[in-house]
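Dear colleague,

I am passing on to you a structure that I have been examining. Please find it below, followed by an account of what was found in it.

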Amino acid sequence: MRGLAAALLALFAIGHPASAQDLSSPADPAWSVPQIGALPYDAAGMLIRRGRDLVTATYAHIGPAVPDEAKRYAGNNLACSNCHLNAGTKKFGIPLWGLEGLFPQYSFEAGKEISIQDRINSCMTRSMNGKPLPVDSEEMQAFVAYINFLSTGAKRGEKLSGLGAGKMPELKRAADPVRGKTVYEKSCAPCHQADGRGVLRNRNLPNFGYLNPPLWGPDSFNDGAGMATLITIANFVHFNMPNGTSYTLPRVSQQDAWDVGAYVISQPRPKRADLNKDFPDRLNKPVDIPYGPYADGFSQKQHMYGPFGPIRAAIAKLKAQQKKN
Ligand code: HEC
Ligand code: HEC
């Protein structure tokens, strides 16, 4: 009986060729998201719960409208979980799982090795348009405790599947913000509003956060944020929007996601100072960073909207030349 089951299993494995796309592969059977409710109510369990609350209700604890002025670290009323969906536990919803063993890591953006605290502060100062949290603050310790809890059982250095926002094929043409506007009006404005400002839970109390978060305007992420780059926002939208969409059943087509992403990143948002200091090694600057300087001679516009293939080819040539010299 055991032998038969094993034979059937082997047959199944053969009949099911591994997909080239990481996206359609089955969930990693060796790892699943741990349950916070299973933790004891001791000091460690309480710190982890506090970290979860900081992720899902950031605006209520460290937002710009909290009563205690000393705690106003974030510059907008977003929650980390507006982008790190389901409290950082959604596959291709930029999950916060399995990160403990991936840090410290080299960051081309910073031009040096960064810790998990540095990475959190990168989102604090860009996505949250705010100030860095002191490394020894109770809030930072809670964020790290929660993120490390989400790595329970993952092996050091192992990249769990589902990290990031997904990876669909790119368009051969430049993404088109004009066409994207029509997509926006039909598929996004019902929740995010025609003016991109989103919907607060309570119009008079911004520290209650958003029902539907803003995508641009003064209370949004700034122009140095990951969500302000086309490849990230297009994939995030394709695999996650309208909110509640699973990557297994996308509802916004790939073409629409590229164009609507182009429209959203073209809108006004807070500006971050000194962006020209990011990516000191310009040959390792991602192709879709929408601000210069660049090493490759392509326009800011092409870096913003694509097509990215020709830029990658030029960078590969420059890197080969650099090796020769
Ligand atoms: C506006 C959207 C947005 C918000 C809000 C946001 N982040 Fe992020 N975050 C991103 C993006 C985009 C990335 C890069 C994902 C990638 O590398 O594909 C990222 C990456 C990260 C990473 C590294 C993940 C990895 O896979 O390496 C951490 C840790 C993180 N964010 C923590 C936070 C915390 C904590 C908050 C709240 C204080 C926050 N973020 C708020 C968009 C956001
Ligand atoms: C049914 C309502 C709904 C629709 C329709 C919808 N969204 Fe969202 N969107 C949300 C909600 C709610 C969140 C925050 C998710 C959370 O906090 O759990 C979100 C988050 C986002 C984010 C990350 C957070 C931020 O502030 O930037 C982006 C980007 C985004 N949506 C873009 C879009 C785009 C583009 C469309 C249209 C193709 C779209 N959404 C359609 C409800 C919606």
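I begin with phenylalanine 279, which is buried, because 21 other C-beta atoms lie within 10 Å of its own and 20 or more are enough for that term. Please bear in mind throughout that this is a predicted model. Phenylalanine 279 lies in the loop between α10 and α11, and its phi is near 50 degrees, a positive value in a residue other than glycine.

Phenylalanine 92 also has a positive phi, near 60 degrees. This residue is found in the loop between α4 and β1 (105-107). With 24 other C-beta atoms within 10 Å, phenylalanine 92 is buried.

Two peptide bonds also deserve your attention. The bond from glycine 292 to proline 293 is cis, with omega near 0 degrees; proline 293 is found in the loop between α10 and α11 (300-305). Glycine 306 and proline 307 are likewise joined by a cis peptide bond, for which omega is about -5 degrees. Proline 307 has its place in the loop between α11 and α12 (309-324). As background to these backbone features, most residues other than glycine have a negative phi, and most peptide bonds are trans.

Domains

The domain assignment divides the protein chain into domain 1 (36-149), domain 2 (177-265) and domain 3 (277-324). Taken over C-alpha atoms, the centres of domain 1 and domain 3 are separated by 30 Å.

Ligand 1

Ligand 1 is surrounded by 25 residues, of which Cys80, Cys83, Cys123, Ser127 and Gly226 are the closest. The elements that give two or more residues to this shell are α5 (116-125) and α6 (138-149). Of the elements, α5 gives the most, with 4 residues. By type, the shell around ligand 1 holds 17 nonpolar residues, 7 polar and 1 charged. Domain 1 and domain 2 both give residues to this shell, so ligand 1 lies between them.

One of the closest residues to ligand 1 is Cys83, and its own surroundings can be described further. Cysteine 83 has its place in the loop between α3 and α4. It is buried, since 23 other C-beta atoms lie within 10 Å. Leaving aside neighbours within four places in sequence, cysteine 83 is in contact with Ile94, Ser127 and Met227. Of these, Ser127 is itself among the closest residues to ligand 1. The C-alpha atoms of cysteine 83 and phenylalanine 236 are separated by 8.6 Å, although the two residues are 153 residues apart along the chain.

Ligand 2

Around ligand 2 there are 24 residues, the closest being Cys188, Cys191, Pro213, Pro242 and Asn243. At least two residues of this shell come from each of α8 (189-192), α9 (230-240) and α10 (254-265). The shell around ligand 2 consists of 18 nonpolar and 6 polar residues, with no charged residue. Domain 1 and domain 2 each supply at least three residues to it.

Helices α2 and α6

Helix α2 (residues 43-56) has 14 residues, which at 1.5 Å a residue should span 20 Å; its end C-alpha atoms are 20 Å apart, which agrees with that expectation. Which residues of α2 are buried? They are Ile48, Gly51, Arg52, Leu54 and Val55. These buried residues cover an arc of only 160 degrees around the axis, which puts them on the same side of α2. In general, an α-helix has 3.6 residues a turn, so residues three or four places apart point the same way. The buried residues of α2 pack against α3 (58-62), α4 (85-88) and α6.

Helix α6 allows a similar check of its length: at 1.5 Å a residue, its 12 residues should span 16 Å, and the end C-alpha atoms are 16 Å apart, which agrees. Its buried residues are Met140, Ala142, Phe143, Val144, Tyr146, Ile147 and Phe149. What covers the buried residues of α6 includes α2 and α5. Both α5 and α6 also appear among the elements that give two or more residues to the shell around ligand 1.

With kind regards

Definitions and conventions. Residues are numbered from 1 along each chain as its sequence is written. Chains are lettered from A and ligands numbered from 1 in the order in which they are written. This is a predicted model: local features need pLDDT of at least 70, side-chain atom pairs count only at pLDDT 80 or more; totals for chains, interfaces and linings use all residues. A residue is near a molecule or strand if its C-beta atom, placed from the backbone, lies within 6 Å of it. Ala, Val, Leu, Ile, Met, Phe, Trp, Tyr, Cys and Pro count as nonpolar, Asp, Glu, Lys and Arg as charged, and the others, Gly among them, as polar. Domain bounds come from an automatic or database domain assignment. The expected span of a helix is 1.5 Å times one less than its number of residues. A residue is buried if 20 or more other C-beta atoms lie within 10 Å of its own, exposed if 12 or fewer, and partly exposed in between; C-beta atoms are placed from the backbone. The arc is that of the directions from the helix axis to the C-beta atoms. Two residues are in contact if their C-beta atoms, placed from the backbone, lie within 7 Å.
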